[in-house]
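Let's take a walk through this fold, from the overall layout down to a few side chains. Have the model open and turn it as you read.

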Amino acid sequence: MAKERTLSIIKPDATRRNLTGKINAKFEEQGLRIVAQKRLQLSEVQAGKFYEVHKERPFYGELVSFMISGPVVVQVLEGDDAVAANRKIMGATNPANAEAGTIRKEFAESIEANSVHGSDSLENAKNEISFFFSETEIVG
Ligand code: ADP
Ligand code: MG
C-alpha cells in the first residue's frame with residue numbers, strides 16, 4: 001500500500017452543528033493522520049472555482065451557496081491509500097445510500113449537506129491540496 005495524501009473539507013452543515021471533533025475522530029480511529037488543517041470562510045469565487053468540475057450540473061449554484069453558508073475546515077489527510085480510505089470513511093454521496101458507521105450515514109443532513117468533501121483521485125487530491133495549502137503548511 002502506498003502512503004498518500006488527500007484533501008478533506010468539513011462542510012458548513014457539520015461545522016454549524018459543532019461536529020469537527022467527531023468527524024476528525026473517525027479519520028484518526030481509522031488510520032488517517034491530519035497533517036494540515038485550517039478553518040475558513042470561503043468566498044463565492046473560491047467555492048465556485050473549487051467546484052468548477054460541476055459547473056454544468058443543475059445543483060452547482062446551490063452547492064456554491066451552501067459551501068459559503070458558514071465556515072468550513074479544510075484539511076490534508078495522510079495514510080495508506082488515503083484517497084480511497086477517506087472515500088470509504090466518508091460513505092456514499094447520498095446519506096440514504098451510505099454504509100453504517102460512515103460519516104455521511106451518521107452525520108449528513110441531505111445529498112447536498114453531506115458533511116464532508118474528499119478528493120476522488122490521487123491527481124485531483126494533489127490539485128485540491130495545492131488549492132488550499134502551501135508545502136510548508138503540511139507537516140507529516
Ligand atoms: P462526492 O462529494 O461524493 O464526491 P460529487 O462530486 O458527485 O459527490 O458531488 C459534489 C457535491 O455536490 C456533493 O458532495 C454534494 O454536496 C453535492 N451534490 C451532489 N449531487 C447532488 C444532487 N443531486 N443534489 C444536490 N447536491 C448534490
Ligand atoms: Mg466529488
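In what order do the four strands of the open sheet lie, and is the pairing parallel or antiparallel? Keep in mind as you look that this is a predicted model. Reading across the sheet, you get S2-S3-S1-S4, and the pairing is antiparallel. That leaves strand S2 (33-40) and strand S4 (116-118) as the edge strands, each with a pairing partner on one side only. Neighbouring strands are turned against each other by 20° on average, if you ignore direction. Now bring in helix H7 (residues 122-132), which packs on this sheet and touches S1, S2, S3 and S4. The direction of H7 makes about 55° with that of S1.

Zoom in on the pair formed by strand S1 (residues 3-10) and strand S3 (residues 72-80). These two run antiparallel, and eight bridges join them. If you want a landmark for the register, find isoleucine 9: opposite it, in S3, stands valine 74.

Now step back to the whole chain. Besides the four strands, the protein has seven helices. Start at the N terminus and the elements come in the order β-α-α-β-α-α-β-α-α-β-α. How compact is the protein for its length? Its radius of gyration is 14 Å, and the globule rule gives 14 Å for 140 residues, so the protein is as compact as a globular protein of that length. Along the principal axes, the C-alpha trace spans about 35 × 35 × 25 Å.

What about the inside and the outside? Of the 140 residues, 47% count as buried. The accessible surface adds up to about 7,400 Å², with 49% of that belonging to carbon and sulfur atoms. Sequence-distant contacts feature heavily here: take the contacts with a separation of 6 or more, and 78% of them are between residues 24 or more positions apart.

Two residues in helices give you a feel for how burial varies. Asparagine 86 sits in helix H5 (residues 82-90). Is asparagine 86 buried or exposed? Its relative accessibility is 0%, so it counts as buried. Look at what surrounds it: beyond its neighbours within four places in sequence, asparagine 86 is in contact with Thr6, Leu7, Ser8, Phe27, Leu32, Leu77, His117 and Gly118. Serine 65, in helix H4 (residues 60-67), is another story: its relative accessible area is 45%, which makes it partly exposed. Serine 43 is 22 residues away from serine 65 in sequence, and the two C-alpha atoms are 9.7 Å apart in space.

Last stop, the charged side chains. Side chains of opposite charge can pair when their charged atoms come close. The structure holds eight salt bridges, and three of them are worth a visit.

Begin back in the sheet, where glutamate 78 and arginine 5 meet in a salt bridge at 2.8 Å, N to O. Glutamate 78 is in strand S3 and arginine 5 in strand S1, so this pair links parts of the chain that are 73 residues apart. The two partners differ in cover: glutamate 78 is buried, at a relative accessible area of 8%, while arginine 5 is partly exposed, at 24%.

Next, go to glutamate 109, whose salt bridge with arginine 17 has its closest N and O atoms 3.4 Å apart. Which parts of the chain does this pair tie together? Glutamate 109 lies in the loop between helix H6 (103-107) and S4, and arginine 17 in the loop between helix H1 (12-16) and helix H2 (20-29), so the pair ties together parts that are 92 residues apart in sequence. Arginine 17 is partly exposed, with a relative accessible area of 32%.

Finally, find glutamate 137 and lysine 38, whose side chains form a salt bridge at 3.4 Å, N to O. Here the link runs from the segment after H7, home of glutamate 137, to strand S2, home of lysine 38, and the two residues are 99 apart. Both ends are partly exposed: glutamate 137 at 39% relative accessibility and lysine 38 with a relative accessible area of 23%. Before you close the model, trace one network: salt bridges that share partners join Lys3, Arg5, Glu78 and Glu135.

Key. Residues numbered from 1 in each chain as written. Chains lettered and ligands numbered in written order. Predicted model: local features only at pLDDT ≥ 70, side-chain atom pairs only at ≥ 80, totals over all residues. Heavy atoms only, no water. Pairing = 2+ DSSP bridges. Axes fitted to C-alpha atoms, helices over the stretch in contact; angles between N-to-C directions. Contact = heavy atoms within 4.5 Å. Rg over C-alpha atoms; globule rule 2.2 N^0.38 Å. Buried < 20%, exposed > 50% of the residue type's maximum accessible area, 1.4 Å probe, protein only. Areas by Shrake-Rupley, 256 points an atom, 1.4 Å probe, with all protein chains shown as cover. Salt bridge = Lys/Arg side-chain N within 4 Å of Asp/Glu carboxyl O.
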